Each structure stands twice: as structure tokens, then as C-alpha cells.
Amino acid sequence: METSFPLILPDLTRLHQLNGAENALEELKIFIKQYISLVILGGFENSTLLLSNGNKLCIEATAHPKQRILWLKSFEEISAVRPFLEQVLKESFPDKEIYMDNIRAISFEPTTQKPTYIIYIDPSLSPDPKDKRKRISTFQMQLAFNAAILKTISTDSTDNPNHQPTPFI
Amino acid sequence: MRTFFLLFIFCLCFCGGLIAQPLIILTEESTSGKYQGNLPESGPAIVDINSIIKIKVDVARLEEEMFRFQGIKATDSRLGRLRKLNELTSLKNKIIRFINTQFANSNTQPFAVYQELAALSTELLEEIELDDEMFNELTSPEVEQAFNQSKDSYIIFVIRYLEGKTQALRNALLADLGVDGQVDSSLMIYFRVGAFLKNRSGGRPIHVENFDTYAPEEYIEVSRFANPLSEDEKDALNLNKRLHDSLQTSTNTLSEHMKSVFASKFNAVFPKSDESRLNLRKTFNNSLTKLNSDATTKPAAGVLLDNELNIERVGRTYQVVKNSFEEFQRVFPNGLFRENTLENTLNELESLLNLAYRKYVEDVSLYQQNVNIRSFTGTTPGLLELRQVDTAYSNYIRITNEVISGIRTIFGEVQQFITPFRKTYVQNEELTEAIRRFTVGEIPESGFIELKYIGERKMGDEILIKAVLERGRSRGNRNFEQKEIFRRYVTITRIAAHFRMSGSLVLANPYNRESNSAITLSNQFQFAPTYGVMMKWGSRKSKFYNEVVSLGVGLSFSSPDFNLDGTPEFGTGFMMTAFRDIMSVGWGWNFGVDAPYGFVGFNIPFTIGGLPSTSTSAGFFDN
């Protein structure tokens, strides 16, 4: 099922939002099934620049056509999907202690719709020393997308209207 | 216990350092790609005659080595950082190659391509993540903003960032050394790799892709199916050998002749300058004694004393030139081919002579102009003696310059005469201008030698691969220094399975003659000419196997005469050869008398019963 999600800004063609909090959970599930997705929760410092860079990661020449970002900005939307996210995170990362209040972004792979990478609000609060760099940045968003791509078993290829021709490096 | 543990850890680290990876790794790859393997770091290195030798350079460690050679202390932490950045660069090149290959022609890729790219870029990013400084800089708002403005994809943006950091570090190190990378500084360090094909008749440089500008030679693939040499070919080989011997004798005679001509010229040149030197010394001593004897001329004696050291130095260098020349004369003509120390000493003497004399003239002039000295008498005391020394000095300078010029003329004549000989000898190993120089930041990660394109080659030939670091470009420069950092001989031989045909004589034994009345042979063995088609193969590990054991298996076709009717029958069977086909054993079936037979053979050049053996090819196995 191919569903279109509203764009947050018209020029950021890979940065989407939900249609309000009412059907947030259902829409989120459709989104993560449909795309190689990065779900970002809440507002943060320098968000305009970083979201623009995140969008760039999805349209650059070497990006997979199905890479998308979903930004859940409002408290209501986040609250509606929070139990679901907490559950899937605990299932996929049984060895990690999950504090939902400290989660900034999660990448999902579309085949099993499981989370693949977590970006934290304050990585120093995570007891796992390997997480100490995982604060939101273009660097971490790229790693999150990479993790989702690597875990994806198969995916249908679709046209990517914004896909740029590859420059010869 | 703890001390022991720490000691163990120290030893482990120390040994780890000692057995570090070499700067250059050689690998062999067959042209079909079926075989790939590293050549051993020590012991025999043997490759197939039609293979590709790949030269892989550890750029990260090499750059570190180059900076150390240039004068940066090994303890400088920047070297470790440069190494780390260069290690990342190696991964970077892999990513760029992958993107260029996979994404250049099409926008839609199989999913596996995205996964491969994701794996490669994750590897690079995770390496960067380990480095506080780089990670913090890359995730800073300034760099985030820079990426936002950039047209590159993120991984390429990161790669450009790494390249910028690496180059900045190189520039900082070069700046510390006072070397301007943009111009040819005599302190600049260059990396060079050369390869030479060597055998008994000499050697020649061969093309290494990415490292020199030599043109590839004629394409020659050594066939897998080799015939023994024909008689004409053997005659041609013998003729070549005779010509070679004759040339060698002539060269020796020529060398002796040149040596005597050279010596006579040399002896005629030196005594003259010895005379002028003695005259200078005598005039100098006499003048000094005279000037010292009177208080008014003592200041003039000071001028002489100030210049005595220089005259001594000139004398010593003169003696060095003389000794070097005598040594050169003794080892002639080999001295011409080696490092030209004599030429350097001549340059040194020439420069020292002119400097020393100029200094003396200046000192005399200053003495003359000194008002205090003239104020006593109105004249310059001791000037006459100083001028006498000046005359002897200038005479000595003039004559010695003539000597130097004479030596150079003789030297040039001889060099010109022997240029054809010198060329082949020098090209054996000399890194000529065709071999490219690389400074830090430019070094290719790999190169290769495609043996099919190096022209004529034979089994057992060797390829010398050597890499050097050089300070400066010109050997004439006093800062020039060359350090050999890699030297490895690789033997080329036939390793892949190949076929060879060879004729020999065998001793055939029809072992069940009792049950076959057609066999009338009374002796146990009968000589029979045999022709064999053998499959042979070589070893990458053992020279002994290749040069001595050299097994072969194949079919034999022989013509025994077991019924002794004077007409040979036809027999065929299996045979195995060893020791470069000199020995053979096998089993065959005689179709003429329907009898099996076993045989042993000795493939040595002899004639029996008027039947010439065609087996001498064992001695001419090279093809």
C-alpha cells in the first residue's frame, strides 16, 4: 500500500509528518513499512539545518530511493506512538535499557519494521559506552540510514523523482 | 607475577613492532584471475611466467617513513596522526572506486549495491567516530553548515574533509622542515619504485604500471605447449654463446688497453701540479719566517697564518683527489659504473681552491688598505712577501685547475667511449628519469607488472623490484641521499600446467613374454626410441623442485621390436618423468605383438645403434 505523507517544508521532499495525532500510530506503522525510515522525535537545537541535511542524505546520488525522514514534532503525536516505539525498541534491543525520554531518533528497516539504530537526546545518559557519540547530527543520521539499509532483506525499487544524476568523482 | 605479566606484554608489543608488515607487499595474480596469492616476505619468491605481479604500497606507513627520513622525529605525535588519516584514506579510495564503478552510469542500482556502500561508509564513519577531534569537528555547526552548502553526497563530503586534514598535516610537517612542496627543493623526499628483468646476459628496466613512464614491451605469452628445440635452434644458440664469449674476451682486452692509456695520461698530469704545490708550500714557509722575524712585518705574517688552514685544507683535498683517482685507475673500468665519488671530490677541490685563494687575495687587499699599518712608515710592510706567496698561490691554483680540467677531459673521453657498455650495465639497476618520483600525498596505492608485456623472458630469469627514498632530485646536489627501503628478487618460471614433447630412448621389458609366443626377444630389455607428450607443472614454493625435480606425466609413443623381425612395432602407454625429464618410467602396450611392457628411460644426449637421441632438449628446456 503506497500512502503519501504530508511534507513539512515544500523544498524538503523527503521530510514528512503525520496527519495529526488521531491516526498517528497507524500512519507510523505504514510509514516504516513503506520506507527505509528515520523517525525523529520532538524539536531540537539547530533543527532546521540538521533536518535539511537529513533530507539531503535521502536525495543524494548514492542514497537509496526509499530513504525518508518522519518528524514527529508535537507532543500529542509522540505520546500516541510512544508505547509502540518503546515496545519495538525493547524487543529489538533486549540488552539495552530504553528510556523513551532520552530518544531523539530511530531508524527502521522496512521488511520486518524493526528498529535498527537509536540516536539519543543526551547520549551520556545511556549506560552503554558505545552510545556516547549518538547525539543527533548528519553523521549519526547517515549511520542510522546505513544500519537500516544493511538490515533490510529486500525491497522493491521505485522511481525516485528527486534522484540526482551521479557526478563522476 | 605482575612484573612478569608486564614484561610479557612489553615483549609482545616489541615483537609486534619488529614483525610489522613490510612497506611493500607483492602479490601474484594469474591473468585469468583464478590464482591470487601473496609472495612470501623472505625466501624464494616464484611466480608463473605469464602472471601479473602486483605491488601494493602501505602508503600510511610509507609517508611516516618519508617524514622520518626527512628529519621529523619518530616521537612526533603528528606522524601517528598522519598515519591514522592515511589509513582512513585507503578506505576512502575503496569507497570512491565503488561509487565510480557502480553509480556512474545508472541511477537505479540493485539493493545489494546500496548495502555494500552502506557497509563501506559505516566502516569509515565508525573509524572517524573513534577519534574525538575529528568527530567533534565533523559534527560542529560550522561543518554541518558546510555540508548543507555542498553538492557532494555526505560520504564524499567526509572524504574531502579527511583529505583536507591530511594535506594540512603534511603541509605543516613540510613547513617545519623548511621544504616548499611546490618547488623542487633539494630537501624534498621522493619515493620511487623500479623493476628490472635480470638474467645471465645482464638486465633491463621493465614497466611498472603507475610508477614509471617506460612503454610496455612486445606482448609475448609463453605457450603452454612447447616443442623441443630443433637442431637449427640449437645451432643458433651455440653460435650466440660463441659470440658472447668472444665479445667478453674482446671487452676484457679493450678494458686493459683503455686502462694503460688512461694511466699514462693520468701520470702525465699530476706531477706538474705537485711541483706547484711544493713551490707554494716552500714560498709560504720562507715568507712566514721572514715576516715573523721583524716586528713591523708581523701583521703581514698574521695574514699568512690566517690562510694557512685553508691552504692545508686544499692540500688535503688534493691528496684525496689523488688517492681517489689512483683507486679509480686501479678498479677501472668498474669505477665508472659505480657511485661517482671522484667527480664529487673534484667538484669539492675546485670549489675549495677558488674559495681559499679568493680569501687570501681579500685578506691581502684588506691588509694593504689598513690605515694603521701604513701610518707607521707610509708603506705596507711585508707586502712584497705576501705578493710572492700570492704569485705561488695563483700559480698553484692555475695549474691545479688545469689538472682538474685535464682529469675531466680524460674522464669524459673514457666515458664517451664506453657509453654503450655503461648503458646496459647501468640499466641493470639504475632508477632512470623514466621512473617517476612521488612526494607525500601523491603515492599510488598499487602498481603492477604484467609479465606478458615485458618482452622476451625465460624460465629462471629474475625480476628485481626495488623501492627507494631519495632526498632531492640530483645526485650532484650535496644534500642528495638515497635509501633503499625495499629490494626483492622474484623468479619467473612455468608454474601453470603446460605440455612438453620430448624424444628419448627407453629400455622396454615385455614382462609376460612366456605367455606370448610372438615375442622372440631373448634379452630382458630392449632399447626403443620413444616420444613423450608430458604435462608438467611448477612450484611456487620450491626452487629445488623447479630446477631439479621437475616431474611430468603423460603419454609415450615408442617403436620397440619385440619379435625381432627388423620392423618396429607401435607401442603406446603412460609415462612419468623426473629430474627435468632426464629419467622416465612407464607402462605401455605393444600393438604389433599384443604385449604389455614396462620401461625405464634416460633422457641424456647419446647415440646408440646409429639412432640419434632427440632428448637433448632437457638441457635447453627454457622456452
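Here are legends for a few close-up views of this predicted two-chain model.

**View 1. Where chain B meets chain A.**
This one frames the contact, built from 38 residues of chain B and 33 residues of chain A. Put together, the two chains bury about 3,100 Å², and 62% of that sits on carbon and sulfur atoms. On the polar side of the ledger, 16 residue pairs are in polar contact across the interface, with both residues at pLDDT 80 or more.

**View 2. Chain B's side of the contact.**
Keep the same interface and look at what chain B brings to it. The elements giving two or more residues here are α3 (77–103), α4 (111–129), α5 (132–138), α6 (141–149) and α7 (154–176) of chain B. Of these, α4(B) chips in the most, with 12 residues. By type, the chain B residues on this side split into 18 nonpolar, 12 polar and eight charged.

**View 3. The salt bridge between the chains.**
How many salt bridges does the rule find across the interface of chain B and chain A? It comes up with one. The partners are B:D132 and A:R133, and their closest N and O atoms lie 2.1 Å apart.

**View 4. Chain A on its own.**
Zooming in on chain A, you can trace four helices and five strands. Starting at the N terminus, the order is β-α-β-α-β-α-β-β-α. Chain A has 169 residues, and 57% of them count as buried. Take the contacts in chain A with a separation of 6 or more: 64% of them come from residues 24 or more positions apart.

**View 5. A:E22 and its surroundings.**
Look for A:E22 in the loop between β1 (15–16) and α1 (24–34) of chain A. Is A:E22 buried or exposed? A:E22 counts as exposed because its relative accessibility is 76%, and the cut-off for exposed is over 50%. Also in frame is A:E76, 54 residues away from A:E22 in sequence, with a C-alpha to C-alpha distance of 8.8 Å.

**View 6. Strand β10 of chain B and two partners.**
The strand to follow here is β10 (residues 481–493) of chain B, which pairs with β3 (residues 46–48) of chain B in the parallel sense over three bridges. Within that pairing, B:I46 stands opposite B:T491. Strand β9 (residues 462–471) of chain B also pairs with β10(B), this time in the antiparallel sense and over 10 bridges. There, B:L469 has B:K483 as its bridge partner in β10(B).

Methods
Residues are numbered from 1 along each chain as its sequence is written. Chains are lettered from A and ligands numbered from 1 in the order in which they are written. This is a predicted model: local features need pLDDT of at least 70, side-chain atom pairs count only at pLDDT 80 or more; totals for chains, interfaces and linings use all residues. Side-chain values use heavy atoms; hydrogens and water are left out. Contact means heavy atoms within 4.5 Å. Buried area is the accessible area (1.4 Å probe) that two parts lose on being put together, summed over both. A salt bridge is a side-chain nitrogen of Lys or Arg within 4 Å of a carboxyl oxygen of Asp or Glu. A polar contact is a pair of N or O atoms within 3.5 Å; within protein, one must be able to donate a hydrogen and the other to accept it, and residues adjacent in sequence count only if both atoms are side-chain atoms. Ala, Val, Leu, Ile, Met, Phe, Trp, Tyr, Cys and Pro count as nonpolar, Asp, Glu, Lys and Arg as charged, and the others, Gly among them, as polar. Buried means under 20% relative accessible area, exposed over 50%, partly exposed in between (1.4 Å probe, protein chains only). Two strands pair if DSSP finds at least two bridges between them.
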